[in-house]
Amino acid sequence: MKVNMSSVGFRCHFCAVCEGKTCTGQMPGMGGPNQNRNFIKNCQDWKSLALKSDGIVREVQLRLAPMTGGVENIGYSDERQFYQDLVAACVSAGVALSIGDGCPDEKLQFGIEAVKDARHLNPHIKSAVFIKPYADTKIRERIDWAASIMEIGGIDIDSYNIVTMRNLVHLERKTPEQLSSIKRLLNARGIPFAIKGIFTEDDVETVRMVKPDIAYISNHGGRVETRTGSTACFLEAYHTTLLKSAGSLWVDGGIRTANDMQTAAFFGASTVLLGRPFASALCRGGAKAVHDLVALFKVASGEIK
């Protein structure tokens, strides 16, 4: 796969280091609300948190973060092709997958299709699938759509506050009882359940009540309207509490180096997820750039450039 750079007006500015300083407030686009406040904090705070780490290299999984909006946010010319290219590049680079939900429904369907099509690269490939907090009947419908490729099923609770989703669809603030019901449904199919978007004390209490298989700390890359803060500092503050109620801990947001990844592992994360860096690499240089990016995370340090 090679992206034709001349035919696509990508929204990424291809900064030397992706830290939220250039795409300020660009939504749709690669930025976030409030002058990229939490996007910038996400990136900055891993550096200060690293000073508290012991420097020991730990095993931690690298995974593609769930992303949709290839046309309106990334600047791809075709939505289906964005998922096809991104998923194939990550699979060929040995990166675990996540796909996201969106509006219209074809965004999730394109992601499912891309995972299926990537089985020529890896016949056993599956993906974590994160579904928006729709009405429960609509969530069950989406679980059925994705069941054949679903490695992990999750509800994207923070997407309730995504500015670009507002008024497009009806999303709900899910109760612990509703989330527990979805967990039982997925676990009955042998699929682990994740809660994505944990970023407030109320969310921590939800994890305590639901006891998901995976607690996923995220502020949607600083793209949701929420309290001021970073996922790095939230991980530091709550990792011990969350791991008392969840089987494992995932985190995304501002992770740009192998050192950031190891810092997350020191504070209990078993999986870290990258979104913008993978999308930017794909747009800048296709599958080869994605492979080069992954290689940076196989060494002890090095900025994503």
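The following exchange goes through the sheet and one helix pair of a predicted model.

Trainee: What makes strands S1 and S2 the edges of the sheet?

Mentor: The eight strands run in the order S1-S8-S7-S6-S5-S4-S3-S2 in an open sheet. S1 (61-64) and S2 (97-100) each have a single partner strand, so one side of each is left without a neighbour in the sheet. From one strand to the next, the twist averages 25°.

Trainee: How do you know that S4 and S5 are paired?

Mentor: Pairing requires at least two bridges between two strands. Strand S4 (residues 150-156) and strand S5 (residues 193-198) have four bridges, in the parallel sense. As one example of a bridge, Gly154 has Ala194 in S5 as its partner.

Trainee: Why are helices H3 and H10 called oblique to each other?

Mentor: Helix H3 (residues 79-92) and helix H10 (residues 276-296) pack at about 45°, with axes 10 Å apart. Roughly parallel would need an angle under 35 degrees, and roughly perpendicular one of 65 to 115. The angle of about 45° fits neither class, and the pair is therefore oblique. The crossing of H3 past H10 is left-handed.

Trainee: Which residues make the contact between H3 and H10?

Mentor: On the H3 side they are Phe82, Asp85, Leu86, Ala89, Cys90 and Ser92; on the H10 side they are Phe278, Leu282, Ala287, Val290 and His291. By class, the contact has eight nonpolar residues, two polar and one charged.

Trainee: What makes one of them charged?

Mentor: Asp counts as charged, and Asp85 in H3 belongs to the contact. Ser92 and His291 are also in the contact, and residue types outside the nonpolar and charged lists count as polar.

Definitions and conventions. Residues are numbered from 1 along each chain as its sequence is written. This is a predicted model: local features need pLDDT of at least 70, side-chain atom pairs count only at pLDDT 80 or more; totals for chains, interfaces and linings use all residues. Side-chain values use heavy atoms; hydrogens and water are left out. Helices (H or I, at least four residues) and strands (E, at least two) are DSSP runs, numbered from the N terminus. Axes are lines fitted to C-alpha atoms, for helices over the stretch in contact, and angles run from 0 to 180 degrees between N-to-C directions. Angles under 35 degrees count as roughly parallel, over 145 as roughly antiparallel, 65 to 115 as roughly perpendicular and the rest as oblique. A crossing is left-handed if the near helix is turned anticlockwise from the far one by less than a right angle, and right-handed if clockwise. Contact means heavy atoms within 4.5 Å.
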